[in-house]
Structures are given as C-alpha cells and as structure tokens.
Amino acid sequence: MIKVKAFACIAILSACLYQSCSPKITNANNSERSNASGGSKVAIESWLTKGDQSALLQQQPTIYFSNSKSAGPTITVDPNQTYQTIDGFGYSLTGGSAYVINRLDPDVKTKLLHELFGNGDNSIGVSYLRISIGASDLDATVFSYDDIPTGATDVNLDHFSLDHDRTNLIPLLKEILSVNPSIKILGSPWSPPVWMKDNGSTKGGSLLPKYYDVYAQYFVKYVQQMKAEGIIIDAITPQNEPLHPGNNPSMLMLAEQERDFIKNSLGPAFKTAGIATKIIVYDHNLDRPDYPLTILNDPQAAQFVDGSAFHLYAGDVDALSKVHDAYPMKNVYFTEQWTGSKDSFEGDLKWHVKNVIIGTMRNWCRIALEWNLASDPDYNPHTPGGCTECKGALTIGDAIKRNESYYIIAHASKFVPPGSVRIASNVEGALYNVAFKTPSGKTVLIVENDGDANTAFNIAFNGRIAGISLPGGSVATYVW
C-alpha cells in the first residue's frame, strides 16, 4: 500500500475483550412520537463517534424537528434531488484477515460475524467485500491458482485450483454468506501466474500478450469455480493497482494493455461463457483519471465495462466526478483505503469519513471500502515485501479490538443498506456531510465536523428544522 502523507500521528489503541466490550448499538425506530397536544413530532435518532474515543458509535438522546431555527449554519436535506444507488459499504477480506478470524473460538467467531454482517440491533450491516484473486500482499505466502514448476507453462489451465483458499478464505466466505446471503463480492488479482509474465516473478513485470486469452480463461475458471462453491463474484477488476509494480505480489498493466486485454480477451471470454460478473477497470489512485478514460474512450472495450474503481493514496476525490461526468452511464466505485499503524484514531476518523465515505458518495460512488478487515497485533500476516503497517478494522489476538476503520465504515454500513439512494444536502463550513434515502423510506445524514470546536447547526428537511451540535473532530449519523 502507498502511505497517505496526511497520516503522521501515533496510533491510539484501546484493546477490549469481545465478550465484555462489544459495542452496544441499536437501530432507529419510531420516527414519530406524540406531543402533549396530540400531534406528532418527527424524531431524529443519532449515533456519535468522537475523535478522543470517549464515544464510539454511541446512540445519543433523541432530537425532534420543530419549526424554530437555532443559531448556526443549516444543512438542508432535499429528498427530491436524487443521485446514484448504493451497492454497499465494507472492507477487503484478505487471506490474512480470514486467517486471524478463523483462529477465534467458534462461538466468538459466530458472534463476531453476526456483528459485522448481520442486520440486528448490535450489528453494523457490512454489505460489500473485496477479496483477492490469488494472493494479495496480506496473505502469508504468495500464490496464484496455477503455480507450476519454473520454465513450464499450462495454457489449458489443467492445474488451475482454488486449493490455497480452501483452508481459510472460502470457508469463511461461506459462513459470512450464511449470515448475509445478499452480500456482494468483488475480486481483484495482485498478479497472474508468473509463467504468464515477462519477468517470471510475482513482483512487477507485465502480462505477455500471447497469454491474454489464457488469462481471460483463468478469470472464467475463477468465477465458475467460486460459483460451484456457492460464492457469487459480483464483479472483478483485471488488476489491483496496475501502476504500482513494486508490491509483492504485483504487476504493471498500462491503460492500453488493460484496454486491449478487456476488448480482445476478457470481455469476449465472459460473453462466450455466459458470465454476468461485472468488469470494473483501473482499481488505483485518483491522480490518474486518464487511465480509466483511456479504456472507456474505446467503444469496443467499453461495451464490456461496467465502470471504474479507485483508491485515494494520491489525487483528489473530486476526480471521481470527472470520470462520471465523462461517461455518466458507467459506474464509479471506491475499493480501497488503508489505515496505518502509525496513524491517530482522530486523524484517520476525520480524513476517512470526509473522503472515503462522504467524498466518494458525493462524487457518484456506489460503494466505499476500507482495506483489510482484520490483522493480528503485529500487523500480520503479510507476504515478504508486503505491507507491514496495515491496521485492520479489527485487531485480533487474545482480545478483539475495534479500530478506527471499524467505526469509519459502521457509520455508513449500519444505516445505509444496499438499494439506498443518495439525495441532496449542502456542505456548510467544516460540516462535511452526505444524505441518503433508504429502501424502507428512512432518511440518513452522515456529518463529519472537520474543525476542532463544538459546532451548533441545523438540519432542515421538508419544511421542518432541528437544532443540533457536534463536537470538533467527531462524526455523527442522523436517522429519521
């Protein structure tokens, strides 16, 4: 992973036993309550996380809409102005994440999976996962699904096997699907088998053109065999971080190479095999919107492409709208952002909610994903040369610790289910925000106070108004 320079603080860690310290979080209900005169007041339920960790997804006293305006700026939520539909919020379930979760006591693991992926009062409703096709750098070892002796080739893919993932990833995915059968899964490769590459290495190099068709069939086999395991791959990207060949594993895939691979090999192979899995291009930083546009500018390639995926280790989140505006019928997705071992809780909470949650949603993304779901206290496992500082949303050792990434995603995933639609809201000063209408008809507003001081403000909705205050460096989700 590429370090975000803005994160330079020392991490604030607070371990707690799962059984005694799992968050007490409840769902909003009863949006209207009678007042003394026999009418009704619309209730706003809210959940707060403070940068100093004195409140962690903590439900607050109920607020009511009235007809009087308080001091401070006003965030007006307009349900009549709609934008994109949301597919979900979540994490990357790396091989390492699966390994550390599977080491838990079975009863503790079951309870944790319901907390993460269920829809109950004490669940955070994670609805989207990204997994690696073969190893990522957060697996203990590097592997592909067709590893053969050096110098050999396997153009018929006779040795293709998912066996490396049958120990941890596949069994855990099946358990997750038993909790949330509708969860969507995106697959991304870090590297193809080394015999397909021009440098014969797991690190760097490029896919040899003579193996484009073979590699396309590799994806076909992957989707088909995962389906045979009961795991539907909703979408794939052809290459994780194609402009970062220095990771282990990794591969350089220039925009023109990815365009030609999709146009001539992957797209036709999926079409011939009757595979409905979406093809999403790029999967890298927002400083290079020219990369996905190079592919989308080619009609023959674009016919196979659902949209583009992005990370934010470089660039500006507004670049998402540039890609969307150029091709509004193609979707945009946000697929990765890491939190590091040397970063502070408050710094990460503010930056990630402002950019990864609010920024991506205000710029047309259908998903927002943080990086690895779980790691051990030493940020393992990882490959030789892989990320040594990637902090999971969970740290799993003798206890389960919920880190900042857990709360960053939970402030959206718990309240904004798939099928929700983003609606209009204005940004006032340092009160960054985004609003949604859920399939059940609720309105959700996520607000991040990017300043240091407590800020009083109003929420205006359909002619009613409510006065609220939010501490500096804090995040709140409001539901009515």
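The following exchange between a student and a tutor goes through the barrel, core, cavities and pocket of this structure.

This is a predicted model, in which local features need pLDDT of at least 70 and side-chain atom pairs count only at pLDDT 80 or more, while totals for chains, interfaces and linings use all residues. Residues are numbered from 1 along each chain as its sequence is written, and side-chain values use heavy atoms, with hydrogens and water left out.

Student: In what order do the eight strands close into a barrel?

Tutor: Strands here are DSSP runs of type E with at least two residues, and helices are runs of H or I with at least four, numbered from the N terminus. Two strands pair if DSSP finds at least two bridges between them; strand E6 (residues 88–92) and strand E7 (residues 128–133), which run parallel, are joined by three. The pairing in the barrel is parallel, and the order is E6-E7-E8-E9-E10-E11-E12-E14.

Student: Which residue in E7 is the bridge partner of Ser92?

Tutor: Strand E6, residues 88–92, is joined to E7, residues 128–133. The partner of Ser92 in E7 is Arg130.

Student: Which helix gives the most residues to the largest nonpolar core?

Tutor: A nonpolar core is a set of buried Ala, Val, Leu, Ile, Met, Phe, Trp, Tyr and Cys residues joined through side-chain atoms within 4.5 Å, where buried means under 20% relative accessible area with a 1.4 Å probe and protein chains only. The largest has 110 residues, of which Phe89, Leu93, Phe117 and Tyr222 touch the most other members. With 10 residues, the helix that gives the most to this core is H5 (residues 212–228).

Student: What is the volume of the largest cavity?

Tutor: On a 1 Å grid over the protein atoms alone, a cavity is a set of points where a 1.4 Å probe fits but cannot get out, and lining residues have an atom within 4 Å of a point. Grid points are joined across faces, edges and corners, and a volume is the space filled by probe spheres set on the points. Residues including Thr94, Asn372 and Cys390 line the largest cavity, and its volume is about 40 Å³.

Student: Which residues lie closest to the centre of the largest pocket?

Tutor: A pocket is an open set of points with protein on both sides within 12 Å along at least five of seven lines. The largest pocket has a volume of about 490 Å³. Of its 26 lining residues, the closest to the centre are Asn119, Ser413, Lys414, Phe415 and Pro417.

Technical notes: Buried means under 20% relative accessible area, exposed over 50%, partly exposed in between (1.4 Å probe, protein chains only).
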